[in-house]
Amino acid sequence: MKRVYFLCTGNSCRSQMAEGFARTLLGSQWEVQSAGVETHGLNPMAVQVMGEVGIDISKQYSKLIDLDYLNSCDVVVTLCGDARDRCPVTPPQVQRVHWPLPDPAQATGSDADKLRAFRKVRDEIYHRIENSELFK
């Protein structure tokens with residue numbers, strides 16, 4: 001079984017959505033986890049927008065990077081510059097990929113504006129996982 005790790009700063013939005021999509025899209029050939037360089041809790045808007053596409057991430061939780069899992073991964077995907085810059089060094093056989101996505105938790109305005117930001121990032125994550133050669 002192959003392993004993928006999705007990392008961002010707080011493991012609250014982007015990496016959680018990526019974990020939810022990857023579990024659904026990649027099937028049993030991949031072990032999927034997400035983590036952060038810090039833990040900020042699971043963002044309720046991430047749960048909401050993933051629910052809109054039929055994926056329940058409400059049982060997921062914010063976790064710190066597990067070095068044993070990190071070092072045994074086939075692919076590590078960082079979803080923000082902070083995670084890319086602060087992620088521990090990995091062995092050469094671990095393929096590292098960076099997907100620079102905006103943090104939807106930083107969106108301002110009304111709740112509708114914030115939800116639009118979450119949906120935009122959610123949809124980008126979906127397309128990247130669905131179309132990536134990494135997971136073929």
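# A tour from Glu19 outward

Start by selecting Glu19, which is buried at 4% relative accessibility. Buried stands for under 20% relative accessible area, exposed for over 50%, and partly exposed for the range in between, using a 1.4 Å probe and protein chains only. The model on screen is predicted: local features need pLDDT of at least 70, side-chain atom pairs count only at pLDDT 80 or more, and totals for chains, interfaces and linings use all residues. Residues are numbered from 1 along each chain as its sequence is written, and side-chain values use heavy atoms, with hydrogens and water left out.

**Stop 1: the partner of Glu19**

Add Lys63 to the selection. The side chains of Glu19 and Lys63 form a salt bridge, at 3.6 Å from N to O. The term salt bridge is used when a side-chain nitrogen of Lys or Arg is within 4 Å of a carboxyl oxygen of Asp or Glu. Glu19 belongs to helix H1, while Lys63 sits in the loop between helix H2 (44–52) and helix H3 (67–71), and the two are 44 residues apart. Helices (H or I, at least four residues) and strands (E, at least two) are DSSP runs, numbered from the N terminus. Lys63 is also buried, at 16% relative accessibility.

**Stop 2: Arg14 and Asp103**

Which residue forms a salt bridge with Arg14? Select Asp103: the closest N and O atoms of this pair are 3.7 Å apart. Arg14 is in helix H1 (residues 14–26) and Asp103 is in the loop between strand S4 (95–98) and helix H5 (111–131), so the salt bridge ties together parts that are 89 residues apart in sequence. Arg14 is buried, with a relative accessible area of 7%, whereas Asp103 is partly exposed at 27%.

**Stop 3: a network**

Next, select Arg122 and Asp123. Their side chains meet in a salt bridge of 2.8 Å, N to O. Arg122 is buried at 7% relative accessible area, and Asp123 is partly exposed at 31%. Now add Glu52 and Arg119: salt bridges with shared partners join these two with Arg122 and Asp123 into one network. How many salt bridges does a search of the whole structure find? The search finds nine.

**Stop 4: the nonpolar core**

Select Val4, Tyr5, Phe6, Leu7, Trp99, Ile129 and Phe135. These residues have the most contacts inside the largest nonpolar core, which has 43 residues. A nonpolar core is a set of buried Ala, Val, Leu, Ile, Met, Phe, Trp, Tyr and Cys residues joined through side-chain atoms within 4.5 Å. At least two core residues come from each of strand S1 (2–8), H1, strand S2 (30–36), H2, H3, strand S3 (75–78) and H5.

Keep Val4 and show its surroundings. Leaving out residues up to four places away in sequence, Val4 touches ten listed neighbours, among them Leu26, Trp30, Tyr69, Val77 and Phe135. Contact here means heavy atoms within 4.5 Å.

**Stop 5: Asn11 and Asp85**

Asn11 lies in the loop between S1 and H1. Asn11 has a positive phi of about 50°, although it is not a glycine. Is Asn11 buried or exposed? Asn11 is buried, at 0% relative accessibility.

Then select Asp85 in helix H4 (residues 81–86). Asp85 is exposed, with a relative accessible area of 56%. The C-alpha atoms of Asp85 and Ala105 are separated by 20 Å, with the two residues 20 apart along the chain.

**Last stop: the annotated span**

Finally, select residues 2–136. The end C-alpha atoms of this span lie 11 Å apart, and the span is 40% helix and 16% strand.
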